[in-house]
Amino acid sequence: MNSLKKYKTTCCYCGVGCGIVVTDTGNGRIHVEGDKEHPVNRGMLCSKGMNLHYTVNDKTDRLLYPQMRMNRSMPMQQTSWDEALERTAAVFKTFIAKYGPDSVGFYVSGQCLTEEYYLWNKLMKGFIGSNNIDTNSRLCMSSAVVAYKLSLGEDAVPVCYDDIEASDCILVEGANPAWCHPILWRRVEAHRAANPDLKIITVDPRRTQTATSSDLHLQINPGTDVTLNHAIARVLIERNWIDNDFIANHTDGFEELSAKVFERTLEESALICGVSVDDIQKAAYWIAQAKGFLSMWTMGLNQSVIGVNKNLSLINLSLITGKIGKPGNGPFSLTGQPNAMGGREVGGLANMLASHRDILNPEHRAEMENFWGGTKISDKMGLTATEMFKGLESGKLKAIWIACTNPMVSLPDARMAEAAMKNARFVVVQDISSRTDTIKFADVVLPAAAWTEKEGTMTNAERRVSYLHKIGEAPGETLADAEIICRFAEKMGWGAHFNYKNFGEIYQEYTRTTEGTNIDVTGVSYNLLKQNTVQWPYPAKDRNAKGTARLFEDHQFYTANKRAKIHGVPDANESESTNNNFPLILLTGRIRDQWHTMTKTGRVNKLKQHIPMPFLEIHPHDAQERGIENEAIVEIKGKRGSVKVKAKLTDEVKPGNVFLPMHWGRVLGNDFGRANNLTNNLVDPKSKEPDFKYSAVEVVKYQKP
Ligand code: SF4
């Protein structure tokens, strides 16, 4: 009889949130398989999920005990938790006393569990008295967050995964789910196999795997998404393929959009976008004909200096056709990280408070001040991700605590980020791995437990909250992140407010902050989640339900007047310009088998086999002009730095565009491939999300010095 213990939990890689069954095979080792009963993946796993156990079983690079050094010319020394946290608290108190609470900051991650995120926020906003906490989710989701709030009144994904099977037209824009959200894509493909009439349209400057499997690929020029979405809207309006009753009864702003989309002829728009008028009309026709129209998007829209406008122009298509709040319909932002949504629920951005409250709203601040019983919450917006590092560079921010993320590879304009870290007066790095590019800048290193060594909750892209079991003991002296935060709070003198009997108590405290809000989860508890995953909102009165699969079925939106807002936004791109020295547009993005900065996937040999080294996709025409052959080493030169990689000649990119994957940094891939040597630090003015997908570069054949 097999006596090995099995646990149902959730894959920790991406926002799809697949259910997995983990078998504890002893000695800290595990085996992973897909959970056949899970509503998200029904037993399926992608290549990353299938190989998840290697990231836990291989402990060669695990941080096992706290370390610190008194200055950066010294090597790190092992120390005790008490010493490490006492020193950190002493430094934080000194800076706060001398320069004020805004002199310190926390930079955390969409990989953190909801309980951890909640505590980081409570500590910084409710007790330290600054709003300087931001997250790497700022780099991927914040444009969608702002656009949902502006159009639907709330950062709330209105659809669920089951809408895939109820749709008959899917528009994928600025996303490559075939590689980056593979289980969702398999559901799309299975739906198409059963329903050959399903139309899939992909909008992407690259011919990705998703584009190849689509019925129509609109291969637009980078930065022209708003122009394209407006052109589609124009066709829908011109042909009266819109839902006039829905527009009249449930929306505002249609006239503004209508005026905007008629500013350009279809021919002009087609020329700007680099696609044909026929294809724009075909896309509009398929959207109009569909009983179920689902749009899906991710970084191609979000990571842009006009990311919010791109999002709004896409959401408009659902609103003017009334294709929202019904099975198979709605605008669906595909979350990148496993708990980006959970982090926002507890207020994990510099402009938010718990339960989607706003920092700038005095009533919201007062509610949380009363709830936490700590210090007065600052009415000043905190520093966002890139602002924090600019703050370190300028000396305005003195100390930063970085948890579960590797900004030296993931932040734009890596040279500026490095200069910032060198200039920081005090850096704490909390991680599970010693192999990150960020750790070498640390004054204090805190070893954290991995996802199978702690318990807590996460929320996936369809608002589904899951419980993660603690499966094995954390090695060495590592601690769960939530415990580290509570111990630090105690050293700061706020122990009574961070004194929890268990992790469930932290979660229950968070759920109480949601009472009466749009994201009410007062009916959710660990006990419930150990039986089932549930989708929010899930108020206490719905205790026996599975939550809310789809929002706005009553067409009552979360805006003040309950009407959705259609926006007519400008379509001009505001990215940096190409010029004679830097004539090519650099696009960055992911590859199928790697995740973020490879701190996990880079350790799995099987995953390296797919694409082992960074590469530059360049069109044969551009390569020929520069005397570059396939596989030749090239130097990509930008306004801020350079990168050397092998060239891959392909017509998957258009002439004038080149593509470089974003995963490689120095530790795992040497300096050859760090894409962020080239990216710029422009951000969307509303979401503060960086413009990762549009930088001016030149490519030359590499000449050895
Ligand atoms: Fe994990 Fe995402 Fe793959 Fe699902 S799709 S197995 S959540 S990496």
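These exercises work through strands, sheets and a ligand shell in a predicted model.

**Exercise 1. The three-stranded sheet**

Determine the strand order of the sheet formed by β1, β2 and β3, and find which strands stand at its edges.

Solution.
- Step 1: The sheet is open, its order is β1-β2-β3, and the pairing is antiparallel.
- Step 2: β1 (5-10) and β3 (29-34) are the edge strands, since each pairs on one side only.
- Step 3: Ignoring direction, neighbouring strands in this sheet are turned by 30° against each other on average.
- Step 4: Between β2 (residues 19-26) and β3 there are six bridges, in the antiparallel sense. I20 has G34 in β3 as its bridge partner.

**Exercise 2. The five-stranded sheet**

Work out the order of the open sheet of five strands, then explain why β10 and β13 each have one side without a neighbour in the sheet.

Solution.
- Step 1: Strands of a sheet can pair in parallel or antiparallel fashion, through backbone hydrogen bonds.
- Step 2: Here the order is β10-β9-β8-β12-β13, and the pairing is parallel.
- Step 3: β10 (216-218) and β13 (330-333) are at the edges and have a single partner strand each, so one side of each lacks a neighbour in the sheet.
- Step 4: From one strand to the next, the twist averages 15°.
- Step 5: Four bridges connect β12 (residues 293-297) with β13 in the parallel sense. Within this pair, S295 is opposite P331 in β13.
- Step 6: Helix α16 (residues 307-320) lies across β8 (169-173), β12 and β13, and runs at about 170° to β12.

**Exercise 3. Strand β24**

Assign the side chains of β24 (residues 615-618) to its two faces, and identify the partners of the strand.

Solution.
- Step 1: The side chains alternate along β24. L616 and I618 point to one face and are buried, where buried requires 20 or more other C-beta atoms within 10 Å.
- Step 2: F615 and E617 point to the other face and are not buried.
- Step 3: β24 runs parallel to β26 (residues 642-649), joined by four bridges. L616 stands opposite A647 in β26.
- Step 4: β24 runs antiparallel to β27 (residues 657-661), joined by two bridges. Here I618 has V658 as its bridge partner in β27.

**Exercise 4. The ligand shell**

Describe the residues around the ligand by distance, element and class.

Solution.
- Step 1: The ligand is surrounded by 13 residues, of which C11, C14, C18, C46 and G49 are the closest.
- Step 2: α1 (47-50) and α8 (182-194) are the elements giving two or more residues to this shell.
- Step 3: Sorted by class, the shell holds nine nonpolar, three polar and one charged residues.

Key
Residues numbered from 1 in each chain as written. Predicted model: local features only at pLDDT ≥ 70, side-chain atom pairs only at ≥ 80, totals over all residues. Buried ≥ 20, exposed ≤ 12 C-beta atoms within 10 Å, placed from the backbone. Pairing = 2+ DSSP bridges. Axes fitted to C-alpha atoms, helices over the stretch in contact; angles between N-to-C directions. Near = placed C-beta within 6 Å. Nonpolar A, V, L, I, M, F, W, Y, C, P; charged D, E, K, R; others polar. Contact = placed C-beta atoms within 7 Å.
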